[in-house]
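Biologist: Got a minute to go through this model with me? I'd like to start with the empty spaces.

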Amino acid sequence: MPEHLEVQLPDGVRLHVAVAGPDDAEVTAILLHGWTLDGRSWHRQLAAVRERFGERVRVVSYDARGHGRSSCMALRTATLAQLGDDLAAVVDQFAPTGKVVLVGHSMGGMTVMEYAHRHPHHFAARTAGLVFVSTTAEGHTHTVYGLSPRIARLIRLAETTGAGVLARCGSWRPPRALLRALRPSIRWMLFGDRCDPADIRLVTSAVAHASLRSIGGFRASIGAQHRLDTLAALGHLPAAALVGDRDRLTPPPCAQSIAAALSTTELTVCPGAGHMLMMERPDEVNAALAAVLRQVLERPAPGGIRAGDGPVAGVETVG
């Protein structure tokens with residue numbers, strides 16, 4: 001079973017972190033969830049990695065600020081830039097030595113890109129592999145919700161307006177009765193042809209634990225990010241990108257552009273799957289993650305952190 005810890009960041013936000021595996025593992029895999037979700041979305045990957053690699057790989061997952069069991073934050077910090085800084089702090093705290101593989105779903109993948117952009121030397125010194133699941137390096141460029149562009153523009157306008165309202169609602173959480181009523185819409189937006197009832201319950205529970213500030217506040221940053229140039233500089237790293245061909249939020253062109261920019265990427269398109277590939281297609285995600293981990297385990301460790309690229313200050317662990 002994972003050990004549950006907290007990390008306190010310099011601005012006072014506390015992140016809930018789950019850790020499985022020894023401190024001296026050869027590789028640490030850090031799993032980053034998507035917008036409005038939490039670390040529980042990776043439960044099938046955590047089990048698969050532990051079963052396949054045992055003590056050789058340590059698995060770390062955490063709830064982003066304002067999500068899950070992590071604390072809420074000031075609205076000005078509801079940005080991908082801040083999430084990239086948070087990831088740097090998590091790497092320092094839970095993988096101070098050894099090789100790191102970063103695994104990001106949706107907003108989590110964008111967080112990985114922001115970390116690489118904002119902390120290039122720190123990233124280069126520690127990161128040995130990448131897995132991108134249902135994510136994008138181009139904001140909302142390709143997001144049309146599986147609808148006509150005209151209807152998509154109307155939905156985006158309504159979404160943007162609603163996000164601004166929610167962002168001002170602070171640490172309040174969505175009413176569970178409302179989420180139950182919205183469950184068919186959540187299922188349509190996030191899943192493809194098939195959906196296990198247990199998975200939609202988990203997703204709805206995760207949304208219920210996200211603060212309204214995080215649901216609304218991150219919207220602008222997610223829509224505006226463009227990091228293909230950042231990815232193009234990472235072509236030496238083993239990488240994988242996966243997408244469902246029914247994904248309404250980050251459709252196949254998002255993953256295709258990632259693979260085109262990051263030349264070492266192994267691209268997998270999952271027929272009939274939507275946005276929640278970790279749940280809908282766990283075997284494919286687990287296989288891609290295992291392939292990257294195997295490559296990383298066989299390679300020499302990345303170079304040590306150079307002067308000036310040391311740990312992010314002000315981080316403490318609370319048991």
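Biologist: How much space lies in the second largest cavity?
Modeller: About 40 Å³. This is a predicted model, so to speak of its ground rules: local features need pLDDT of at least 70, side-chain atom pairs count only at pLDDT 80 or more, and totals for chains, interfaces and linings use all residues. Residues are numbered from 1 along each chain as its sequence is written, and side-chain values use heavy atoms, with hydrogens and water left out.

Biologist: What counts as a cavity?
Modeller: On a 1 Å grid over the protein atoms alone, a cavity is a set of points where a 1.4 Å probe fits but cannot get out; a pocket is an open set with protein on both sides within 12 Å along at least five of seven lines, and lining residues have an atom within 4 Å of a point. Volume is the space filled by probe spheres set on the points, with grid points joined across faces, edges and corners.

Biologist: Which residues line the second largest cavity?
Modeller: P22, D23, A25, T28, R58, F94, A95, P96 and T97. By class, that lining has five nonpolar, two polar and two charged residues (Ala, Val, Leu, Ile, Met, Phe, Trp, Tyr, Cys and Pro count as nonpolar, Asp, Glu, Lys and Arg as charged, and the others, Gly among them, as polar).

Biologist: And what's the volume of the largest cavity?
Modeller: About 70 Å³. Its lining includes L32, H33, Y62 and M107, and no charged residues, just five nonpolar and three polar.

Biologist: Which helix gives the most to that lining?
Modeller: Helix α3, residues 107–118, with three residues. Helices here are DSSP runs (H or I, at least four residues), strands are E runs of at least two, and both are numbered from the N terminus.

Biologist: Switching to pockets: what's nearest the centre of the second largest one?
Modeller: H4, A18, G39, R40 and S61, out of 15 lining residues. The pocket's volume is about 220 Å³, and β2 (14–20), α1 and β4 (57–62) each give two or more residues to the lining.

Biologist: Since α1 came up, at what angle does it pack with α13?
Modeller: About 45 degrees, with the axes 10 Å apart; axes are lines fitted to C-alpha atoms, for helices over the stretch in contact, and angles run from 0 to 180 degrees between N-to-C directions. α1 and α13 are therefore oblique to each other (under 35 degrees is roughly parallel, over 145 roughly antiparallel, 65 to 115 roughly perpendicular, the rest oblique).
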